[in-house]
Amino acid sequence: MGSSGVQIVCMALGILGLIAAVVTIAVPRWKVSAFIGQNIITAQVQEEGLWMECVVQSTGQQQCKAYDSLLILGSDLQAARAMTIIGCMLTVLSLLVLFKPKVSLVSAIGLILAGLLLIIPVSWAAHNVVRDFNNPLVAQSHKRELGACIFVGWGGGVLLLLAGGLLCCFSRPRSGGSGGAAKYYSNSASAPSKNYV
């Protein structure tokens, strides 16, 4: 596959990863209420995200409330906000410079970093959810399950890592090439090498 074909594939993967990252940031489904115990039928489902928490009634109505203050949020939520937003900005910058041949390797590294900046907070949140779910000291009403945004974030991060990895592999200069330097040959190089005395 030519370098332009690889760049188009990497652009498509990067755009899909960016869409997944934006969905992960915007949709409040990082944690959803867990159905534990005797009563499986509940009248409402609680959903938590990076920016707000929502309550979805069994009738389909949804009420959302933004978090009151940045200072009352946990450190994991603050870090997740920062890392995912920086990851999105890095993805956009990397996609903008992707088709410039001199900096395509910089674009590849940017996409890899953006993928990591998306996977780390999503994995951190998933770890916290699983830890609290298995903790017997946490009340059953406070236990949560993994929401859809966790899985979307993992998928988006993998797409960004794949785009950056492909671009890294195919954006290196070819070995054995002249690298753009001109080679000069003298006329004596083509003549037979006999010594006449």
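# A tour from T91 outwards

Start by selecting G87 and T91: the backbone oxygen of G87 lies 2.8 Å from a polar atom of the T91 side chain. Keep in mind along the way that this is a predicted model.

**Stop 1: around T91**

Now select residues 75–96 to see helix α2, the element that holds T91. Is T91 buried or exposed? T91 counts as buried because its relative accessibility is 1%, and the cut-off for buried is under 20%. Leaving aside residues up to four places away in sequence, show the contacts of T91: G14, L18, L111, A114 and L160.

**Stop 2: the whole chain**

Zoom out and colour by secondary structure. The protein chain has 4 helices and 5 strands, and from the N terminus on you will meet them as α-β-β-β-β-α-α-β-α. Of its 197 residues, 32% count as buried. Contacts also reach along the sequence: among those between residues at least 6 apart, 63% join residues at least 24 apart.

**Stop 3: the sheet**

Next, select the strands. What is their order in the sheet? The 5 strands form an open sheet, ordered β4-β3-β2-β1-β5, and the pairing is antiparallel. At the edges you will find β4 (62–66) and β5 (144–146), each of which pairs on one side only. Turn the sheet to look for its twist, which averages 25° from one strand to the next.

Strand by strand, there is plenty to pick out:

- Select residues 44–48 and 52–57, which are β2 and β3; 5 bridges join this antiparallel pair. Q46 stands opposite V55 in β3, and a hairpin of 3 residues links β2 to β3.
- Move on to β3 and β4, also antiparallel and joined by 5 bridges. Here M52 stands opposite A66 in β4. The hairpin of β3 and β4 has 4 residues between the strands, and G60 in this hairpin takes a positive phi near 105°.
- Finish with β1 (residues 31–33), which has 3 bridges to β5 and runs antiparallel to it. Look for V32, which stands opposite E145 in β5.

Now add residues 104–134 to the view. This is helix α3, which packs on the sheet and touches β1 and β5. The direction of α3 makes about 140° with that of β5.

**Stop 4: the nonpolar cores**

Show W30, L50, C88 and I150 as sticks. Of the 15 residues in the largest nonpolar core, these four touch the most other members. The elements giving two or more residues to this core are α1 (3–26), α2, α3 and α4 (148–170). Which element gives the largest share? That is α3, with 4 residues. Then select L95, A108, L160 and A163, which are among the 12 residues of a second, separate core. You have met L160 before, as one of the residues that T91 touches.

**Stop 5: the annotated spans**

For the last stop, select residues 6–27, 79–99, 105–126 and 146–167. An unreviewed UniProt entry annotates these as "transmembrane region". Draw a distance between the end C-alpha atoms of residues 105–126 and you will get 32 Å; this span is 100% helix and 0% strand. Over residues 146–167 the end C-alpha atoms are 32 Å apart, with the chain there 91% helix and 5% strand.

Conventions
Residues are numbered from 1 along each chain as its sequence is written. This is a predicted model: local features need pLDDT of at least 70, side-chain atom pairs count only at pLDDT 80 or more; totals for chains, interfaces and linings use all residues. Side-chain values use heavy atoms; hydrogens and water are left out. Two strands pair if DSSP finds at least two bridges between them. Axes are lines fitted to C-alpha atoms, for helices over the stretch in contact, and angles run from 0 to 180 degrees between N-to-C directions. Contact means heavy atoms within 4.5 Å. UniProt positions are given in the numbering used here, feature names are shortened, and annotations may be inferred rather than shown by experiment. Buried means under 20% relative accessible area, exposed over 50%, partly exposed in between (1.4 Å probe, protein chains only). A polar contact is a pair of N or O atoms within 3.5 Å; within protein, one must be able to donate a hydrogen and the other to accept it, and residues adjacent in sequence count only if both atoms are side-chain atoms. A nonpolar core is a set of buried Ala, Val, Leu, Ile, Met, Phe, Trp, Tyr and Cys residues joined through side-chain atoms within 4.5 Å.
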